[in-house]
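Please open the model in your viewer and keep the selection panel at hand. The tour below moves from one selection to the next and says what is there each time.

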Amino acid sequence: MTIMTYRDALNQALREELKRDESVFLMGEEVAEYNGAYKVSRGLLDEFGPKRIVDTPITELGFAGVGVGAAMVGLRPVIEFMTWNFALLATDQVVNAAAKMSYMSNGQFPMPMVFRGPNGAALQLAAQHSQAWDSWYAHIPGLKVVSPGTPADAKGLLKAAIRDNNPVIVLEGEMLYNTKGEVDENPDLIVPIGKAELKREGDKCTIVTYGKMVLVALKAADQLAKEGVNVDVLDLRTIRPMDIDAIANSVAKTNRAVVVEEGWEMCGVGAQVVDFIQRECFDDLDAPVVRVHQADVPMPYAKNLEKLAKPDTAKTVAAVKRVMYLGD
Amino acid sequence: MLMQRRFEERAAEAYAIGKIGGFCHLYIGQEAVSTGTMALLRPDDYVITAYRDHGLALARGMTEREVMAELFGRAAGCSGGKGGSMHLFDRKLNFLGGHGIVGGHIPIATGVGFAIKYRGGDQVCICFFGEAAVNIGAFHEALNMASLWNLPVVFVIENNRYGMGTAIGRSTAQQDVVQRAASYAMTGVSVDGQDVYAVHNDIGVAIERARKEHRPTLVEVRTTRFMGHSMSDAASGTYRSKEELDESMQRDPIVLLKTKMLSEGMLTEDEYKKMDDEAKASAQDSWDFADAAPEPAPEELFTHVLNESPESNAPVEPELAGVAR
């Protein structure tokens, strides 16, 4: 085990998979000579050369499509979006091409490819650069969607995504790149897609979350523990396919649940989790499930308004208290 | 050409009586493009096109039976009945679809070219699309990268002058569409798309350029679709006048070729009649085959959404279809 940043863990995953498989290449804006807008690809150009670490023009739809074409004929593209905000321009390739190619062709053309980049709000980047796209991609059959919250999961899930024979959306946390954690340096280790992990065990309530909100949930759990309320923090890690057994097991134990996500409320990932819980865990529940999410507004720039809009530890603590019928 | 023509005439009939559903875009009138091009390709070259794909698929070597079965939505279809008219695929023939979003497949062709170069191969990817696709961003992005990176792709604009019901003059500022090539420092050529020899010659040059020099080319083939945009609109009378269509139909690619071959002694009327009878018979055979072929089994609903081991992509009980767990 080594302590490293989330950024370096992703870098290590890319380096190991590029070494392991000649058919893997990384393509995107500023990934090569600039070393990546967020330095995730630092050093890769020097090590693997311009054939495999490919700078593109600013042309998201175009290079996403290049990845689809390369995957159709057997390469394993890793397509980096500088941020998922820019990937909106490439949605036709992700949704209409990558996600559907296998099905439309009756399995003749699998899509072994990865679309990755930072997702969600950072600090004061305002409306067009501060969005979490989780539910958009999770809606689409034919895609897998992962959202790691820790360096170890970032490395293990990215490696699993690159080895997967399907298009995998990797939603990285822009605010997580500098966070540190223990990472196993064994190059054969992956984190399986579709498996949640109980990041903290308790018995009074389940906090279901993923991605950047894992840290928020863990902080909330610390605070709640000081008040004698011990909670499960269930990190989904993969949004699609969702580990519904893990959710059911935890809720059966705690009888209460809060879902924390970075995106907006309407048709969010949390809505899907709640739908599952009400159907499969109805008899286990002692209270309605409560959701924590971004306020239903485009992200404002002003620091105070941004803070009000974002889901955070205090809102999560309040939500847990609400499902436990604990007054403030 | 005759095979494509007779096949699609039967497809139109089948559509009219409800044996084919959805959208169905016929290629009738454009057969010299598919025929003139496909003869130039090696088996390991790649072909990709938009939704007007029947003629190109047949010319590439798909059987009439598997294409008609696909149109009929049958399991024996080239895409298992899951693709339909717009999504014909055949891995054995490197036929990469059949794509339904205008221009969406053009960057995919660039990606195939990228993969060819990545592997150091000498194959070529040929990509067909209509003239209306030159106005979509994907065209611009794809051609820019193909030229920037010296990729072996031939981009073929099948210019039939109508994007659905919108004449080129109403949609496109630079109607001489091949001029677009200059924006990408790419060679551009314009060809009479009704003349199979001209198509064969000029696209042949473009294919050699791609194969030997790894340079893409933008080729415009000037052609005419004799039918409506799809089976939903009349061939003329609304956005296109009958006079204009009648005039275009004077240059039927099949008639032009037949006339040339007759005059040069390469073909007799009897031989033509025999070929035409065979084409009609094989079209009928494909109809009979498709009509008798079974529909996809209900468990096929859930196969190939993802590519996993058999266990993880196990079929779901049919009665659970569409019902969450």
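**A strand and its neighbours**

Begin by selecting β10(A), helix α8 (residues 213-226) of chain A and β11(A), which together make a right-handed β-α-β unit. Please bear in mind throughout that this is a predicted model.

Now restrict the selection to strand β10, residues 205-209 of chain A, and ask how many of its residues are buried. The strand is mostly covered, with 5 of its 5 residues buried. Displaying the side chains shows how they are divided: Cys205(A), Ile207(A) and Thr209(A) point one way from β10(A), whereas Thr206(A) and Val208(A) point the other way, and all are buried. In a regular strand, side chains alternate between the two faces of the sheet.

Next, add strand β11, residues 231-235 of chain A, which pairs with β10(A) in the parallel sense over 5 bridges. Within this pairing, select Thr206(A) and look across to Asp232(A) in β11(A), which stands opposite.

Then add strand β13, residues 257-264 of chain A, and ask in which sense β10(A) and β13(A) pair, and over how many bridges. The pairing is parallel and runs over 3 bridges. To find one of the matched positions, select Val208(A), whose bridge partner in β13(A) is Val259(A).

**The two domains of chain A**

Zoom out and colour chain A by its two domains, domain 1 (2-183) and domain 2 (197-323). The C-alpha centres of these domains of chain A lie 26 Å apart, and their contact takes 24 residues from domain 1 of chain A and 23 residues from domain 2 of chain A. On the side of domain 1 of chain A that touches domain 2 of chain A, select α6 (134-138), β6 (144-146), α7 (151-163) and β7 (168-173) of chain A, each of which supplies at least two residues. The residues of this side of domain 1 of chain A divide into 13 nonpolar, 8 polar and 3 charged.

**Where chain B meets chain A**

Finally, bring chain B into view, where 32 residues are in contact with 32 residues of chain A. On the side of chain B that touches chain A, β2 (95-98), α5 (106-119) and α6 (137-148) of chain B each supply at least two residues. Which of the elements gives the largest share of that side of chain B? Selecting α5(B) answers this, as 9 residues, the largest share, come from α5(B). Coloured by class, the side of chain B that touches chain A has 16 nonpolar, 13 polar and 3 charged residues.

Notes. Residues are numbered from 1 along each chain as its sequence is written. Chains are lettered from A and ligands numbered from 1 in the order in which they are written. This is a predicted model: local features need pLDDT of at least 70, side-chain atom pairs count only at pLDDT 80 or more; totals for chains, interfaces and linings use all residues. Domain bounds come from an automatic or database domain assignment. Two residues are in contact if their C-beta atoms, placed from the backbone, lie within 7 Å. Helices (H or I, at least four residues) and strands (E, at least two) are DSSP runs, numbered from the N terminus. Ala, Val, Leu, Ile, Met, Phe, Trp, Tyr, Cys and Pro count as nonpolar, Asp, Glu, Lys and Arg as charged, and the others, Gly among them, as polar. A residue is buried if 20 or more other C-beta atoms lie within 10 Å of its own, exposed if 12 or fewer, and partly exposed in between; C-beta atoms are placed from the backbone. Two strands pair if DSSP finds at least two bridges between them. A crossover is right-handed if, with the strands pointing away from the viewer, the path from the first strand over the helix to the second runs clockwise.
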